[in-house]
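Me: I would like to learn how to read the strands, helices and loops of a model. Can we take one feature at a time?

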Amino acid sequence: MKRIVYSMEPVGRTGGRVYLRMLHEATADDVEWRTVPDHKRTYRVRRWRKLRHLARLAPSIRALHGTTGTFVWDDLSLLLFTPEMRARTVFLLHHYEPLQHDSAPVETMLWEHLFRMLPQCAAVVCVAPYWADFLRARGVRNVQVIYNAFDMTEVERARGFDRAECRAEFDLPPDAIGVYAGKAVHWKGIEEVSAALAGGPRLRVITSGSNTIGFDGAHYDVERERYLRLLCACDVGVFLPRMREGWSRCAAEALLLGLPCLIRPVAGLGDLATLTGQPAPDLDRLATQVRERAATRQAEAKAAYEALARFDLNYFGNAWGDLLAQVA
């Protein structure tokens, strides 16, 4: 008989939503997932979005008060849980970044209240050691790390793409160096990368995602298959976030597909850079660094790939399956 686990609905393209979808899929044989709608991304106006989300979600949370089962929760609405519900909850923290607050100054107070509640949860999961240490410093002791995982069948297929065909598909001439800078969204450092490489001969900055910053360079908002082909077409990854991220799926996937990277060691990205041996970018000589990294593509790809390949779906399903069994 499957155990019942409740979560937010895993709808959306952010790293957190991808992680939650993967969790649903990896445990589907043993878990009956029941979901609550996530309204945060349905509002066109960002200001006070989190507060509107909590108010709209309150009736759905109240309806769960009498249920049995386990909760996997990654949302501020944990504040609406009863203490008994929190005792059956695995809270999932990807990252905490005040730059992203849309309901300041109230949102900061809500997060601080949530951190004080986390010791009441059955367990807390983070996606990188930095965030586990972050929570332990706030008195949360029952923390463990379960990293982002990757479908290695998909990765191996993508590694077999014809690179020349991929480069032609995205109009990259043979002598150009494609610099993948990640998603063109706020606080990811796209503007810094573009400015530092502006005018560099043969250097082309490439981004993906929804382009909330209006990046006017080579940007592609494409489906999954073409995104993997885009990574295959590039030569180097440069990740310069201002925000404290979880464990950047974009950077990890670039490394898995053979791109040597330059990674600003901020929060979870610092853990990723250390694990895979990727150096930090220097804006004053970024163009030189990019050319040097492009020349090491084949030499360094194997070590980074091996460091990440162990985080496959078996690892992920086993880690979460064991944890959910313990909580149940």
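Reply: Start with one pair: Val5 stands opposite Trp33 in S2. This is a predicted model, in which local features need pLDDT of at least 70 and side-chain atom pairs count only at pLDDT 80 or more, while totals for chains, interfaces and linings use all residues. Residues are numbered from 1 along each chain as its sequence is written, and side-chain values use heavy atoms, with hydrogens and water left out.

Me: What do labels such as S2 stand for, and what counts as pairing?
Reply: Helices (H or I, at least four residues) and strands (E, at least two) are DSSP runs, numbered from the N terminus. Two strands pair if DSSP finds at least two bridges between them. Here, strand S1 (residues 3-8) and strand S2 (residues 31-36) run parallel and are joined by 6 bridges.

Me: Which strand pairs with S1 over 2 bridges?
Reply: That is strand S3 (residues 70-73), also in the parallel sense. Tyr6 has Phe71 as its bridge partner in S3. Phe71 in turn stands opposite Thr89 in S4, and S3 and S4 run parallel, joined by 3 bridges. As a general point, side chains in a regular strand alternate between the two faces of the sheet.

Me: What is the strand order of the open sheet of 6 strands?
Reply: The order is S2-S1-S3-S4-S5-S6, with parallel pairing. S2 and strand S6 (143-145) are the edge strands, each pairing on one side only. From one strand to the next the twist averages 25°; angles run from 0 to 180 degrees between N-to-C directions, and axes are lines fitted to C-alpha atoms, for helices over the stretch in contact.

Me: How is the handedness of a β-α-β unit read?
Reply: Point the strands away from the viewer: the crossover is right-handed if the path from the first strand over the helix to the second runs clockwise. S1, helix H1 (residues 15-26) and S2 make such a right-handed unit.

Me: Which helix lies across S1, S2, S3, S4, strand S5 (123-126) and S6?
Reply: Helix H14 (residues 313-327) does, running at about 140° to S4. Contact means heavy atoms within 4.5 Å.

Me: In what order do the 5 strands of the other open sheet come?
Reply: They come as S9-S8-S7-S10-S11, and the pairing is parallel. Its edge strands, each pairing on one side only, are strand S9 (218-220) and strand S11 (261-263). Strand S8 (residues 203-208) pairs with S9 over 3 bridges, and Thr207 has His219 as its bridge partner in S9.

Me: How do helix H9 (residues 224-233) and helix H10 (residues 249-256) pack?
Reply: Their axes are 9 Å apart, at an angle of about 60°. Angles under 35 degrees count as roughly parallel, over 145 as roughly antiparallel, 65 to 115 as roughly perpendicular and the rest as oblique; H9 and H10 are therefore oblique to each other. Arg224, Tyr227 and Leu231 in H9 meet Cys250, Glu253 and Ala254 in H10.

Me: Where should I look for unusual backbone?
Reply: Look at peptide bonds and at phi. A cis peptide bond, with omega about 5°, joins Ala104 and Pro105. Pro105 lies in the loop between strand S4 (89-93) and helix H4 (106-117). Asn211, in the loop between S8 and S9, has phi near 55°, a positive value in a residue other than glycine.
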